Amino acid sequence: MTIALALFSGGLDSILACRVVASQGIRVIAVQCVSPFFGYELLAQETSYREKMRQQYGIEVMLCDVSEPYLTMLRQPPHGYGKNFNPCIDCKILLMRTAREMMAAYGAELLISGEVLGQRPMSQRLDTLRIIERDSGCEGLLVRPLCAKGLSPTKAELEGLIDREQLLGFRGRGRQPQMELAARFGITDYPSPAGGCVLTDPLLAQRIASFYAEHDPVTVADIRLLLVGRHFRLPHGGWLAMGRREAENERLLGCVLPTDWEIVLVDRPGPTGVLRFAEQPEDFALAAGLVARYGKKGEEGPTARRVLFARGEETRELSALPLAEPTYESWRR
Ligand code: SF4
């Protein structure tokens, strides 16, 4: 039986690409790459996620963690960034190269992806698709079942591994053909297009870019922290994250490294803070002032608050007045 590896995003197009190829009697193994920028939470629920994909869409999915090469590539993507900090072309190159390198281990003879020509402004133009193929070492190897009829035949089509006649010629941004195809496969509940990648979120992208500008290396733990709550880059190099609500306080606690300081107010409710890279006493004092600022206000007006810093067994307490707004505006990230 012919085996195909599919580059799988979990979106409708990749689901359909798998199903179109599987309908030719080809066994499709879907590879879903994850990084802290997209899909990372799936790693913690891999078994149930795979089961859900199997039951809901009839697709065999496996997760592949590409965090390390991704974090490095993001610093200087050869093809640049999109509108935000999204390196879409190099992202696709990295994911395709990863899948190509896995083919031999699975005995796969072809590689497929769910791209549709002209659907996204930058990464799905014909010239860009060619660059992605070339730079990932997938020239002639990658079949795009949803738009294959608008592209030159691939090696797999020429060799008869897959029947080109049964592939499709979708083009452009419209979703109607995909929805009709989904209905034919009996697929009714599917994720909406876009979303899922934090690098296209203007605020998060800006924060991540600003963090990259000052830190090397950047780690998975750093990105996980950057995605929760409000953030401040303190004047002496410290980085402070604070929860905006209870759920974020909880999530932040899951991001604490042994070298970080956890911060809470001693005698009133307030945000949980996580302080990373702080070395100078000034940053501790300012972090205390910020946590005090976002804590619950009392009847007594702006009096000094007790702020507790904890790192493992180590604790220190500072007394701080809530910082006044203009002081910290430029530290926001
Ligand atoms: S939106 Fe994000 S996941 Fe999608 S191609 Fe661009 S960088 Fe990659």
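## Around the ligand

The ligand sits among Phe38, Tyr70, Pro87, Cys88, Cys91, Cys197 and Thr200. Sort that shell by class and you get six nonpolar residues, one polar and no charged. Keep in mind as you look around that this is a predicted model.

## The parallel sheet

Let's start with the sheet that has five strands. It is an open sheet, its order is E3-E2-E1-E4-E5, and the pairing is parallel. At the edges stand strand E3 (60-65) and strand E5 (142-143); each has a single partner strand, so one side of each is left without a neighbour in the sheet. What holds strands together in general? Strands of a sheet pair through backbone hydrogen bonds, either parallel or antiparallel.

For a closer look, take strand E1 (residues 3-7) and strand E2 (residues 27-34), which are paired in the parallel sense over five bridges. If you'd like one pair to find on screen, alanine 4 has valine 28 in E2 as its bridge partner.

## Helix H4 and its neighbours

Now find helix H4 (residues 88-106). This helix lies across E1, E2, E3, strand E4 (110-113) and E5, and its direction is at about 160° to E1. Two names from the ligand shell, Cys88 and Cys91, fall within the residue range of H4.

H4 also packs against helix H5 (residues 126-135): the angle is about 40° and the axes are 8 Å apart. That makes H4 and H5 oblique to each other, and their crossing is right-handed. Which residues meet here? From H4 come Ile89, Lys92, Ile93, Met96 and Arg97, and from H5 come Thr128, Ile131, Ile132 and Asp135. By class, this contact has five nonpolar, one polar and three charged residues.

## Helices H1 and H7

Another helix pair worth a look is helix H1 (residues 12-22) with helix H7 (residues 176-184). They pack at an angle of about 50°, with axes 10 Å apart. H1 and H7 are therefore oblique to each other, and H1 passes H7 in a left-handed crossing.

On the H1 side, the contact is made by Leu12, Asp13, Leu16 and Val20; on the H7 side, by Gln178, Leu181 and Ala182. Split by class, the contact of H1 with H7 has five nonpolar residues, one polar and one charged.

## The antiparallel sheet

Further along the chain there is a sheet of six strands. It is open too, with the order E6-E7-E9-E8-E10-E11, and here the pairing is antiparallel. Strand E6 (230-233) and E11 stand at the edges with a single partner strand each, so one side of each has no neighbour in the sheet. On average, neighbouring strands of this sheet are turned by 20° against each other, direction ignored. Helix H11 packs on the sheet and touches E6, strand E7 (239-242), E8, E9, E10 and E11, while its direction makes about 65° with that of E11.

E10 is a good strand to follow. Strand E8 (residues 261-265) and strand E10 (residues 305-311) run antiparallel and are joined by four bridges. On to the next pair: seven bridges join E10 to strand E11 (residues 314-320), again running antiparallel. Phenylalanine 309 in E10 stands opposite isoleucine 263, and phenylalanine 309 also stands opposite arginine 316 in E11. Elsewhere, arginine 306 has serine 319 in E11 as its bridge partner.

E10 and E11 form a hairpin with two residues between the strands, and glycine 312 in this hairpin takes a positive phi near 60°.

## Two backbone details in loops

Where is the cis peptide bond that joins aspartate 216 and proline 217? Proline 217 has its place in the loop between helix H8 (202-214) and helix H9 (220-226). The omega of this cis bond is about 5°.

The other detail is phenylalanine 277, whose phi is near 65°, a positive value in a residue other than glycine. You'll find phenylalanine 277 in the loop between strand E9 (273-276) and helix H11 (281-294). That's the same H11 that packs on the antiparallel sheet.

Conventions:
Residues numbered from 1 in each chain as written. Predicted model: local features only at pLDDT ≥ 70, side-chain atom pairs only at ≥ 80, totals over all residues. Heavy atoms only, no water. Pairing = 2+ DSSP bridges. Contact = heavy atoms within 4.5 Å. Axes fitted to C-alpha atoms, helices over the stretch in contact; angles between N-to-C directions. Near = heavy atom within 4 Å. Nonpolar A, V, L, I, M, F, W, Y, C, P; charged D, E, K, R; others polar. Parallel < 35°, antiparallel > 145°, perpendicular 65-115°, else oblique. Left-handed = near helix turned anticlockwise from the far one by under 90°.
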